[in-house]
Amino acid sequence: MDYSTGRTYNCQVTLPFPFGTLVYADASVFGGFFDPEFEADTRAFFELAKTGRFRLTTAPLLYEELRLAPLRVLNLYLDSCHVPDSEL
C-alpha cells in the first residue's frame with residue numbers, strides 16, 4: 001500500500017510446483033485490466049498466463065467479490081479461471 005495516497009497495488013505471489021508456477025490474482029488484478037493506469041502491465045500479465053508461462057489461481061471467494069463488479073471485469077474472471085457451474 002502507498003500510504004501517502006491510500007492506493008493498494010497488485011501483489012503477485014508465486015509458488016513453484018511440478019506442473020509450473022502458480023500466480024495468485026486478487027480482484028484488483030482483474031479490475032486493473034480495464035484501468036488506464038494499470039492496463040498495459042495487467043494485459044501483459046494475462047497474456048503470460050494465457051501462453052502458459054504460469055497458472056493463474058485465485059481465492060475461492062473471489063467470484064463473490066466480482067459478482068458486483070462491472071460485467072466486463074466479471075467476464076474476464078470467468079474467461080481466465082475455471083469456475084465450476086456449481087459455484088455460479
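In what order do the elements of the chain run from the N terminus on? The answer is β-β-α-α-β-α-α, which adds up to four helices and three strands in the chain. Keep in mind as you look around that this is a predicted model.

Let's start with the overall numbers. The chain has 88 residues, and buried ones make up 28% of them. About 6,200 Å² of the chain is exposed, with carbon and sulfur atoms supplying 55% of that area. As for how the chain meets itself, take the contacts with a separation of 6 or more: residues 24 or more positions apart account for 49% of these.

Now for the interior. The largest nonpolar core holds 19 residues, and the ones with the most contacts inside it are Phe 30, Phe 45, Phe 46, Leu 56, Leu 66 and Tyr 77. Helices α1, α2, α3 (62-66) and α4 (71-80) each bring at least two residues to this core. Which helix gives the most to it? That would be α4, with four residues.

Several of those core names come back once you look at the rings. Searching the whole structure turns up seven aromatic pairs. A pair of aromatic rings is described by the distance of the centres and the angle of the planes. Take Phe 30 and Phe 46: their ring centres are 5.3 Å apart and their planes sit at 55°, so this pair is tilted. It also ties together distant parts of the chain, as Phe 30 belongs to helix α1 (residues 27-32) and Phe 46 to helix α2 (residues 39-50), with their positions 16 residues apart.

Are these two rings buried or exposed? Phe 30 has a relative accessibility of 0%, so it counts as buried. Phe 46 is buried too, at a relative accessible area of 8%. Phe 46 has a second ring partner in Phe 45: the centres are 5.3 Å apart here as well, but the planes are at 85°, so this pair is edge-to-face. The cut-off behind that label is an angle over 60 degrees, while tilted covers what is neither edge-to-face nor stacked. Both Phe 45 and Phe 46 are buried.

Zoom out a little and the rings join up. One aromatic cluster takes in Phe 30, Phe 33, Phe 34, Phe 45, Phe 46, Phe 54, Tyr 63 and Tyr 77. Phe 33, a member of that cluster, also has a charged visitor: the charged end of Arg 43 sits over its ring, 4.0 Å from the centre.

Arg 43 is a good place to switch from rings to charges. Its salt-bridge partner is Glu 39, with the closest N and O atoms 3.0 Å apart. Why does this pairing span about one helical turn? Because Arg 43 and Glu 39 are four residues apart in helix α2. Arg 43 has a relative accessible area of 34%, so it is partly exposed, and Glu 39 gets the label partly exposed at 30%. So Arg 43 takes part in a salt bridge with Glu 39 and also has its charged end over the ring of Phe 33.

How many salt bridges does the count come to? Two. The other one joins the side chains of Glu 64 and Arg 67, at 2.7 Å from N to O. Both of these residues are partly exposed: Glu 64 has a relative accessible area of 40%, and Arg 67 has one of 45%.

To finish, look at where residues far apart in sequence come together. Thr 57 lies in strand β3 (residues 55-57) and is partly exposed, with a relative accessible area of 29%. Which residues does Thr 57 contact, leaving aside its neighbours within four places in sequence? They are Leu 22, Val 23, Tyr 24 and Ala 25. For Ala 25, which is 32 residues away from Thr 57 along the chain, the C-alpha atoms are separated by 6.3 Å.

Val 23 turns up again in a second long-range pairing, this time with Ala 49. The two are 26 residues apart in sequence, and their C-alpha atoms are 8.8 Å apart in space. Ala 49 lies in helix α2, and its relative accessible area of 18% makes it buried, since the cut-off for buried is under 20%.

Definitions and conventions. Residues numbered from 1 in each chain as written. Predicted model: local features only at pLDDT ≥ 70, side-chain atom pairs only at ≥ 80, totals over all residues. Heavy atoms only, no water. Buried < 20%, exposed > 50% of the residue type's maximum accessible area, 1.4 Å probe, protein only. Contact = heavy atoms within 4.5 Å. Areas by Shrake-Rupley, 256 points an atom, 1.4 Å probe, with all protein chains shown as cover. Phe/Tyr/Trp six-rings, centres within 6.5 Å; stacked < 30°, edge-to-face > 60°. Lys NZ or Arg CZ within 6 Å of the ring centre and 35° of its normal. Salt bridge = Lys/Arg side-chain N within 4 Å of Asp/Glu carboxyl O. Core = buried A, V, L, I, M, F, W, Y, C linked by side-chain atoms within 4.5 Å.
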